[in-house]
Amino acid sequence: NPVTKDIGRKYDVNAVKQSIKNLLLTPYFSKPFTPKYGSPIFDILFEPMDMDTASLMGTLIQETIGNFEPRCKVEDVIVFPNYNENEYRIQINFYVVGVRDPQIFRTSLKRLR
């Protein structure tokens, strides 16, 4: 916050979206004393880019969110390989506990050398 010089907090749906983003971007063994916190999708980014890999990535994303984020119920995970940009586009459709409206989280994952 530029006025108070403090870090902005996220509430409700935005807090859950930030948590999902943190889960997806945290590789295994990054968090001390919790080696299985995070997701294994960074290892999958270096596999051949095809629909089978995208399907596996979607399954792993759904399992990761189911294991570590009790505030949301995942309805669908859509992973689409973008061959031109060499990235995967991800869309997660979910419901937040206590919120009636469905939510959508979109991101893209690109491998780095």
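## The nonpolar core

In this predicted model, the largest nonpolar core is made up of 23 residues, and those with the most contacts inside it are I20, M57, I61, V79, I92 and F94. Every one of the elements α1 (12–25), α2 (41–44), α3 (51–68), β1 (72–82), β2 (87–96) and β3 (102–110) supplies at least two residues of this core.

I92, one of the residues with the most contacts inside the core, can serve as an example of how these elements come together. When its neighbours within four places in sequence are left aside, I92 is in contact with I20, L24, I61, I65, V74, D76, V77, Q103, I104 and F105.

## Overall architecture

The chain contains 3 helices and 3 strands, and from the N terminus on these elements run in the order α-α-α-β-β-β. Taken along the principal axes, the C-alpha atoms of the chain fill a box of roughly 45 × 30 × 30 Å. Of the contacts in the chain with a separation of 6 or more, 44% are accounted for by residues 24 or more positions apart.

The chain has 113 residues, of which 35% count as buried. The exposed area of the chain is about 7900 Å², and carbon and sulfur atoms supply 52% of this area. As for charge, the chain carries 15 positive and 13 negative side chains, with the centres of the two sets lying 8 Å apart.

## Helices α1 and α3

Helix α1 has 14 residues and reaches 20 Å from its first C-alpha to its last, which is close to the 20 Å expected at 1.5 Å a residue. The buried residues in α1 are V13, A15, V16, S19, I20, L23 and L24, and these buried residues pack against α2, α3, β1, β2 and β3. Among them, I20 also belongs to the group with the most contacts inside the largest nonpolar core, while I20 and L24 are both in contact with I92.

Helix α3, with 18 residues, reaches 26 Å from its first C-alpha to its last, again a value close to the one expected at 1.5 Å a residue, in this case 26 Å. Its buried residues are T53, A54, M57, G58, L60, I61, T64 and I65, and what covers them includes α1, α2, β1, β2 and β3. M57 and I61 of this set are listed with the residues that have the most contacts inside the core, and I61 and I65 are in contact with I92.

## Buried polar residues around S39

S39 lies in the loop between α1 and α2, and it counts as buried because its relative accessibility is 1%, the cut-off for buried being under 20%. Apart from its neighbours within four places in sequence, S39 is in contact with L23, L24, T26, P27, Y28 and T64. The C-alpha atoms of S39 and Y95, which are 56 residues apart along the chain, are separated by 20 Å.

Two of the contacts of S39, T26 and T64, can be followed further. T26 is placed in the loop between α1 and α2, and it counts as buried because its relative accessibility is 19%, a value to be set against the cut-off of under 20%. Leaving aside neighbours within four places in sequence, T26 is in contact with Y37, G38, S39 and F42. T64, by contrast, is found in helix α3 and is buried, with a relative accessible area of 6%. With its neighbours within four places in sequence again left aside, T64 is in contact with L23, G38, S39 and P40. L23 is thus listed as a contact of T64, and L23 is listed as a contact of S39 as well.

## Backbone at K5 and N86

Most residues other than glycine have a negative phi. K5 has a positive phi of about 60° although it is not a glycine; K5 lies in the segment before α1 and is exposed, with a relative accessible area of 72%.

N86 likewise has a positive phi, of about 55°, although it is not a glycine. The place of N86 is in the loop between β1 and β2, where N86 counts as partly exposed because its relative accessibility is 32%, a value that falls between the cut-offs of under 20% for buried and over 50% for exposed.

Conventions: Residues are numbered from 1 along each chain as its sequence is written. This is a predicted model: local features need pLDDT of at least 70, side-chain atom pairs count only at pLDDT 80 or more; totals for chains, interfaces and linings use all residues. Side-chain values use heavy atoms; hydrogens and water are left out. Helices (H or I, at least four residues) and strands (E, at least two) are DSSP runs, numbered from the N terminus. Buried means under 20% relative accessible area, exposed over 50%, partly exposed in between (1.4 Å probe, protein chains only). Contact means heavy atoms within 4.5 Å. Accessible areas come from the Shrake-Rupley method with a 1.4 Å probe; for residues, only the protein chains shown count as cover. Lys and Arg count as positive and Asp and Glu as negative; His and the chain ends are not counted. The place of a charge is taken as NZ of Lys, CZ of Arg, CG of Asp or CD of Glu. A nonpolar core is a set of buried Ala, Val, Leu, Ile, Met, Phe, Trp, Tyr and Cys residues joined through side-chain atoms within 4.5 Å. The expected span of a helix is 1.5 Å times one less than its number of residues.
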